[in-house]
Amino acid sequence: MIREMRGCVFSSCPGTSPKLGSTAFSLRRRRVFAQFKHGCKGFDFKMSPLSLGFKCFFINELKKDDRQECRCGSAFSSISNVVEASDDDFIVVNFYHFVFIEDPEEEVANHLSFVQGLDIHGRVYINEQGINAQYSGPSKDSLAYLKWLKEDQRFSDILVQISPALSGHAFPRLKLRYKPSLVQLEGGISHLPLLDPSMRATPLTPSEWRQRLETTNNVKGTSSSNLSRKFILLDVRNGYEWDIGHFLGAQRPDVDSFRSTSFGQSKSEVTAVDPLTTVDKAITDILMYCTGGIRCDVYSTILRQKGFQNLYTLKGGVSHYLQTEGPVEWVGNLFVFDSRLSLPPSGYKPGAVAKAGSHQLVSLDSPFLRCYICGLQLCEPRHRNCSNLDCNLLFLCCANCVKELRGCCSLDCTSAPRLRPILSGHQRYKKWHTYRDFHL
């Protein structure tokens with residue numbers, strides 16, 4: 001769970017200049033500037049007694065922001081790679097399939113035997129319920145493995161998503177093995193009826209999904225409370241994924257690990273973060289989406305067992321939707337679980353550019369595309385892990401906050417005993433054991 005930290009290090013007495021350390025003061029000053037720029041109702045007038053230097057800061061930041069907007073253009077149009085690739089171009093392949101595998105250990109051995117000599121890195125998990133795979137490699141090798149797999153009748157109709165790898169492998173190594181759960185969820189998923197299609201949600205094609213969203217979002221004169229009783233758009237991902245991109249109208253998930261998802265499982269208490277607690281299970285349409293579709297398929301069986309009758313999922317997930325429909329009703333980038341971290345819609349559909357989502361960006365209360373620390377709107381939707389090895393929080397952060405907090409997510413973490421070095425650019429930390437005995 002993301003720890004609440006905004007405001008907790010910025011306290012000061014009304015009518016006085018804040019008595020803060022230089023780092024905390026600088027962070028607060030930039031947050032006040034963000035409130036001023038976006039017209040936030042909570043503009044902090046406690047900063048008003050400051051000297052002329054603070055007014056100069058406002059002027060300089062406005063000029064800097066204007067220059068940055070000119071350089072950035074669209075925050076989501078930086079990549080225009082086409083998915084079609086030559087044999088040597090690296091690609092990322094994603095797919096999953098629920099099917100009974102009588103001897104998964106033997107299946108793993110067959111896969112390992114075939115990929116020997118192929119330059120493939122990634123995660124391929126197999127068990128009695130099927131397969132879940134995400135891997136990268138040169139187009140020739142990646143597609144050879146895929147072709148071999150689809151020659152097996154059990155996997156002949158799998159839906160495959162392919163995207164550009166950008167710069168070599170998107171994964172550090174290959175992990176192809178038996179795994180008890182194809183996705184991680186508290187309590188496991190081996191007991192769920194995943195092999196029974198009637199227990200999973202009804203899949204909607206991208207065009208059907210688009211039509212449903214357009215119809216709902218274009219309804220005029222219909223109260224949100226009335227819509228909420230008949231239609232729920234459920235983002236079955238993590239909160240940090242929503243922060244850089246989501247479908248319009250989807251509520252931000254209050255979890256930072258899918259394994260902790262508990263939508264629709266509340267006993268009697270009504271929670272503000274669970275949109276399913278008060279809906280009529282018999283008449284409410286629940287539209288669920290995730291990156292590639294597997295999390296929705298898995299979770300829909302849980303909701304089916306809880307009595308929800310009208311369950312629908314986006315077939316192939318957001319990646320398939322962006323590839324076929326483009327960013328219609330979508331705002332931002334798509335978070336991906338590899339070294340790329342996120343892809344703009346043009347990564348799936350060349351030439352596609354996502355909406356800026358202006359109604360989302362004016363509210364400082366929304367974490368969408370904002371620095372987790374100071375709240376400034378970000379030009380580049382790039383996550384980073386907290387430098388504190390024992391925290392490792394994944395969060396969005398502006399360059400100034402990275403520098404002033406030494407890559408940490410809070411002032412508390414800057415004094416932690418095990419701080420990793422600040423990484424520049426798009427580098428990512430290696431496995432935790434690399435820094436296990438590291439002391440700053």
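A residue is taken as buried when its relative accessible area is under 20%, and by this criterion 51% of the 440 residues of the protein chain count as buried in the predicted model. The surface that the protein chain exposes amounts to about 20900 Å², of which carbon and sulfur atoms supply 52%. The secondary structure of the chain consists of twelve helices and 15 strands. Among the contacts in the protein chain with a separation of 6 or more, 69% are accounted for by residues 24 or more positions apart.

Two buried positions illustrate contacts between residues separated in sequence. Val99 is placed in the loop between strand 1 (90-98) and helix 3 (104-115), and because its relative accessibility is 17%, Val99 counts as buried. Leaving out residues up to four places away in sequence, Val99 touches Glu128, Gln129, Gly130, Arg154, Phe155 and Leu195; Glu128, which stands 29 residues from Val99 in sequence, is 7.7 Å from it in space, C-alpha to C-alpha. Glu107, in turn, lies in helix 3 and, with a relative accessibility of 8%, also counts as buried. When neighbours within four places in sequence are set aside, the contacts of Glu107 are with Ile101, Ile126, Asp152, Arg154 and Phe155. Arg154 and Phe155 are thus in contact with both Val99 and Glu107.

The packing of two helices was examined separately. The axes of helix 5 (residues 206-217) and helix 9 (residues 317-325) come within 9 Å and cross at roughly 90 degrees, and helix 5 is therefore roughly perpendicular to helix 9. On the side of helix 5, the contact is made by Pro206, Ser207, Trp209 and Arg210, whereas helix 9 contributes His320, Tyr321, Thr324 and Glu325. By residue class, the contact of helix 5 with helix 9 comprises three nonpolar, three polar and two charged residues.

With respect to cysteines, the structure holds zero disulfides. For Cys290, the nearest cysteine sulfur is that of Cys296, at 3.4 Å, and Cys290 is in no disulfide, since a disulfide requires a pair of cysteine sulfur atoms within 2.5 Å. Cys290 counts as buried, its relative accessibility being 1%. Cys409 is likewise in no disulfide, the nearest cysteine sulfur being that of Cys391, 3.7 Å away. Cys409 is buried as well, with a relative accessible area of 1%.

Technical notes: Residues are numbered from 1 along each chain as its sequence is written. This is a predicted model: local features need pLDDT of at least 70, side-chain atom pairs count only at pLDDT 80 or more; totals for chains, interfaces and linings use all residues. Side-chain values use heavy atoms; hydrogens and water are left out. Helices (H or I, at least four residues) and strands (E, at least two) are DSSP runs, numbered from the N terminus. Buried means under 20% relative accessible area, exposed over 50%, partly exposed in between (1.4 Å probe, protein chains only). Contact means heavy atoms within 4.5 Å. Axes are lines fitted to C-alpha atoms, for helices over the stretch in contact, and angles run from 0 to 180 degrees between N-to-C directions. Angles under 35 degrees count as roughly parallel, over 145 as roughly antiparallel, 65 to 115 as roughly perpendicular and the rest as oblique. Ala, Val, Leu, Ile, Met, Phe, Trp, Tyr, Cys and Pro count as nonpolar, Asp, Glu, Lys and Arg as charged, and the others, Gly among them, as polar. Accessible areas come from the Shrake-Rupley method with a 1.4 Å probe; for residues, only the protein chains shown count as cover.
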